[in-house]
Amino acid sequence: MRRVIIGVLVLAATTTAADTIHLKSGRTIVAANVHEEEGQIKYELNDSTYGIPKSLVERIDRDGSSPDSGVGASGGGAADAAASAPMPTAPETAELGLRGADQVAFKVVHDGKVDVDALNAIDKTADPALIAAGYFLAGRFELEHGDREHARRYFETALASVPDNGYILQSYALTLLKLGRAREAVPYAEQSTRALPDSADAWATLGFCYYSADRGKDAQKAWQRSLDLHADPNLQKFADKLKREIVTEASFSERETGHFTLRYEGATKDQLRGQIISALEEDYNQLSNDLGITPSQNIPVILYTEEAYFDVTQAPSWSGALNDGKLRIPVQGIDGVSGDMARVLRHELTHSFVAQASGSRCPTWLNEGIAQLMEPRDTSANGRQLAKLYSQHIQIPLQVLEGSFMRFQTNEAIVAYAESLAAAEYIRDTYGMSELRRILERIGQGSSTEGAMKEYLHSDYSQFEDELGRYLISKYGG
């Protein structure tokens, strides 16, 4: 098997308007809601906000066009269809169909947080409509700000009071989906479309739930219904990708195992399939021990010819496999699992564990760094080159590497992966594997990456990169 940089996935962005940030290094970032804040340029990709020092920016072009690809990579950044499912349009309080919703709107959420005392006061009214409205608004706020666990609890309370409200059902389904609980989300999403049969958002959410629950044909129907109600070029990209999957995999066979669902063409050798499943099961047990978490549902594994792999995924030529919630592995010309193939499987499976731990919110550099650590791989091969980059302050800033690696040419991607590995290795060796796990968990609870780093490493991005640079220089020379 050829040597490759592994695991990148293109994802459609969920924003409709975009600006282009031109960095002084010559690279660009296409994103939404670009603005300056406290010496940083902030921008949004999918449901996360990122920032880079203003000093790195040459200019910003504001042209209102849509980005071709979003933050991403579950093989390259902890994003998959579940993470990319867009937030539905926020209904006006009058549209909620809950009497008195307008009375509680400004009491429940104000000053940038949920007012728990206001919720307690609403509870005392014993009015189901008011309780549902208050907890829906609180859940919506937490979901929009990345705290999915608190959002889940608020939506559950709202549903306990008014169990058939379409907006609450849809938001609850989306929250479960983003928590990696797609199969649990499906019945709530289905119920939301019955309550809101003309809502393109509700049908789109149902499609994402079906897709993440490995029900591709049902997802195709739901997405088509959404597109019939409202044309959406970003959803259309997902629908087009799914169509390629369904056509390519129409004649595939399927086999269920303990933690995986294996799909493959009939020509795939029995011996190779058996070795792949055995290797994945062994890796699954090891990763469960190392990362202290397990994915919440079976993981689809799809074996392709090389031509089918690139046709379905539209991945760059330098990729060798990917994980978009499903492990997609080209196996043409491979007779057994050893060497590179074993590392590819372990690398891609790691992304499923990272996605579960971080709620699919892990930045690309940390996701790729951990996946390479688990292969296992270390920095020694690229240490001297990295030390030179950091000593001259010309490395790619980690804040830039929070987003997709898809925009990079091959040589830039190599640097991005090498820096990611070095950063993850430095955290593990200096602070311990336990701190890597805590950072993932904190991100999954809604923290920004930098916020989680400050909490557990006591360093912001700038301080961390200075530490990483000194580490590399001391170990490999400048």
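A residue counts as partly exposed when its relative accessible area falls between the buried range, under 20%, and the exposed range, over 50%. With that in hand, welcome to the close-up views of this predicted model.

**Figure 1. The whole protein, with its 19 helices and 12 strands.**
Let us start with the complete chain. Of its 478 residues, 58% are buried. The protein exposes about 19600 Å², and carbon and sulfur atoms supply 46% of that area. Among contacts between residues at least 6 apart in sequence, 69% join residues at least 24 apart.

**Figure 2. Confidence along the chain, with an average pLDDT of 82.**
A pLDDT of at least 70 is reached by 84% of the residues. Over residues 1–17, however, the pLDDT is below 50, although the model gives this stretch 97 contacts beyond near neighbours in sequence. Residues 64–79 also have a pLDDT that stays under 50, and here the model has 82 contacts beyond four places in sequence. Please keep these two stretches in mind as you explore.

**Figure 3. Ala 151 in helix α5.**
Helix α5 covers residues 148–161, and Ala 151 is part of it. With a relative accessible area of 0%, Ala 151 falls under the 20% cut-off and is therefore buried. Leaving aside residues up to four places away in sequence, Ala 151 touches Gly 139, Glu 142, Leu 143 and Thr 175. Arg 140 is 11 residues from Ala 151 in sequence, and their C-alpha atoms are 6.7 Å apart.

**Figure 4. A salt bridge between Arg 181 and Glu 184.**
The structure holds 23 salt bridges, and this view shows one of them. The side chains of Arg 181 and Glu 184 meet with an N to O distance of 2.8 Å. At a relative accessible area of 40%, Glu 184 is partly exposed. Arg 181 is partly exposed too, with a value of 23%.

**Figure 5. Strand β9 and its two partner strands, β8 and β10.**
Strand β9 spans residues 260–264, and 5 of its 5 residues are buried. Phe 260, Leu 262 and Tyr 264 point one way from the strand, while Thr 261 and Arg 263 point the other way. Strand β8 (residues 253–256) runs antiparallel to β9, joined to it by 4 bridges. A hairpin connects β8 to β9 through 3 residues, and Glu 256 has Thr 261 in β9 as its bridge partner. Strand β10 (residues 299–304) pairs with β9 in the parallel sense, over 4 bridges. There, Ile 302 of β10 stands opposite Arg 263.

**Figure 6. Glu 254 and Arg 263 in a salt bridge.**
Here we return to Arg 263. Its side chain meets that of Glu 254 at 2.9 Å, N to O. How accessible is each partner, Glu 254 and Arg 263? Glu 254 is partly exposed at 47% relative accessibility, whereas Arg 263 is buried at 12%.

**Figure 7. A salt bridge from Arg 442 to Glu 455, and a wider network.**
The closest N and O atoms of Arg 442 and Glu 455 are 2.9 Å apart. Arg 442 lies in helix α17 (residues 433–444) and Glu 455 in helix α18 (residues 449–457), so this salt bridge ties together parts that are 13 residues apart in sequence. Arg 442 is partly exposed, with a relative accessible area of 25%; Glu 455 is also partly exposed, at 39%. Elsewhere, salt bridges with shared partners join Asp 214, Lys 241, Glu 245, Glu 249, Glu 254, Arg 263, Asp 324, Lys 326 and Arg 328 into one network.

Key
Residues are numbered from 1 along each chain as its sequence is written. This is a predicted model: local features need pLDDT of at least 70, side-chain atom pairs count only at pLDDT 80 or more; totals for chains, interfaces and linings use all residues. Side-chain values use heavy atoms; hydrogens and water are left out. Buried means under 20% relative accessible area, exposed over 50%, partly exposed in between (1.4 Å probe, protein chains only). Contact means heavy atoms within 4.5 Å. Accessible areas come from the Shrake-Rupley method with a 1.4 Å probe; for residues, only the protein chains shown count as cover. A salt bridge is a side-chain nitrogen of Lys or Arg within 4 Å of a carboxyl oxygen of Asp or Glu. pLDDT is the predictor's confidence in each residue, from 0 to 100. Two strands pair if DSSP finds at least two bridges between them.
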